[in-house]
Amino acid sequence: MSTASKTRHKYEIVAAGIRATIADSLGPNDALPSERELMEIYNVSRMTVRAAIARLADEGLVYNVHGSGTYVGSPDLFAKAPKLTSFTEDMVSRGYAPSSRVLEVSRVAAVAAVATRLGLTPGEECTKIRRLRLADGNPMALETVYLPGGVLPMEEFDAKSSLYGQLTDRGYEIHRAEQEIHAVTLDEESSGLLAVPLGSAALEIDRVAADRRGHPVEYARTIYRGDRYSFQMAVSRES
Ligand code: GLP
């Protein structure tokens, strides 16, 4: 078993343990045991405890109070919408170390499908970024992103840092997004890059993301390896 899957396995076990404790003996706003106590209870590292808590916080099951600790959320918190994360944040919350390999950064004219989603006129200038996204050094996703040229000119993209971090620094903090998730099978190029057999199943998540003003700033198609990635969300019958 690789280090990557061992790490994931451990934090998922810890998260499941904490979920059971909450269900059995804790109520809304009760404090969870401290990080140190959880490290001892589950005999795991601080990083594993933090990854487990980050996952539960993403689900809305717990919340952190800076400098105080972690507390059990209330049912309305649990029913909140899934969090909009960058690849970097998503991987850290799953206990992986994220990295990227840039495959392409280019200036392109928006074709109709891109222009419609970004609120541009077909032919307007866009920056296209294609990256292989890695988790603990192993391929996890293949991502193609289009941004209006004025939001991020291709020359100014920093290949080494988070795209969402750069957008925030430029005044285009991603605030909300519409997503569509569907199944795909991988062709020769994408299966080669993702290091899985030709024809493997994968999960494609298409996202149109907007800044706080509601202006679309990103259209992304991200293809996740079906054997390494699953997408979770809390759902509720309350309207
Ligand atoms: C996810 C999203 C993409 C987004 C990317 C940014 O993968 N599906 O739409 O472009 O995160 O990630 P980062 O900020 O780590 O570069």
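How far is an oxygen atom of the ligand from an N or O atom in the side chain of Ser-162? The distance is 2.5 Å. Keep in mind that this is a predicted model.

Stay with the ligand for a moment. It is surrounded by 15 residues. The closest are Thr-88, Glu-143, Ser-162, Leu-163 and Glu-218. Other side chains also reach the ligand with N or O atoms. In Arg-131, such a side-chain atom lies 3.0 Å from a ligand oxygen. In Thr-222, the partner is a nitrogen atom of the ligand, and the distance is 3.2 Å.

Now look at the sheet. Strands of a sheet pair through backbone hydrogen bonds, either parallel or antiparallel. Here, six strands form an open sheet with antiparallel pairing. Read across it and the order is 3-4-5-8-7-6. Strand 3 (98-109) and strand 6 (174-185) are the edge strands. Each of these two pairs on one side only. On average, neighbouring strands of this sheet are turned by 15° against each other, direction ignored.

Strand 5 and strand 8 sit side by side in that order. Strand 5 covers residues 138-148, and strand 8 covers residues 216-225. The two run antiparallel and are joined by six bridges. To find one of them, start at Tyr-146: its bridge partner in strand 8 is Tyr-219.

Next comes another pair of strands. Strand 1 takes in residues 62-65, and strand 2 takes in residues 69-72. They pair in the antiparallel sense, over four bridges. Val-65 has Gly-69 of strand 2 as its bridge partner. Together, strand 1 and strand 2 make a hairpin, with three residues between them. Gly-67 is in the turn and has a positive phi of about 75°.

Finally, turn to the helices. Two packed helices are described by the angle between their axes and the distance between the axes. Helix 2 spans residues 35-42, and helix 3 spans residues 46-59. How do they pack? Their angle is about 105°, and their axes are 9 Å apart. Angles of 65 to 115 degrees count as roughly perpendicular, so helix 2 and helix 3 are roughly perpendicular to each other.

Which residues make the contact? Helix 2 supplies Glu-35, Arg-36, Leu-38 and Met-39. Helix 3 supplies Arg-46, Val-49, Arg-50 and Ile-53. Sort the contact by class and you get four nonpolar residues, four charged residues and no polar ones.

Definitions and conventions
Residues numbered from 1 in each chain as written. Predicted model: local features only at pLDDT ≥ 70, side-chain atom pairs only at ≥ 80, totals over all residues. Heavy atoms only, no water. Pairing = 2+ DSSP bridges. Axes fitted to C-alpha atoms, helices over the stretch in contact; angles between N-to-C directions. Parallel < 35°, antiparallel > 145°, perpendicular 65-115°, else oblique. Contact = heavy atoms within 4.5 Å. Nonpolar A, V, L, I, M, F, W, Y, C, P; charged D, E, K, R; others polar. Near = heavy atom within 4 Å. Polar contact = N/O pair within 3.5 Å; in protein donor to acceptor, adjacent residues only side chain to side chain.
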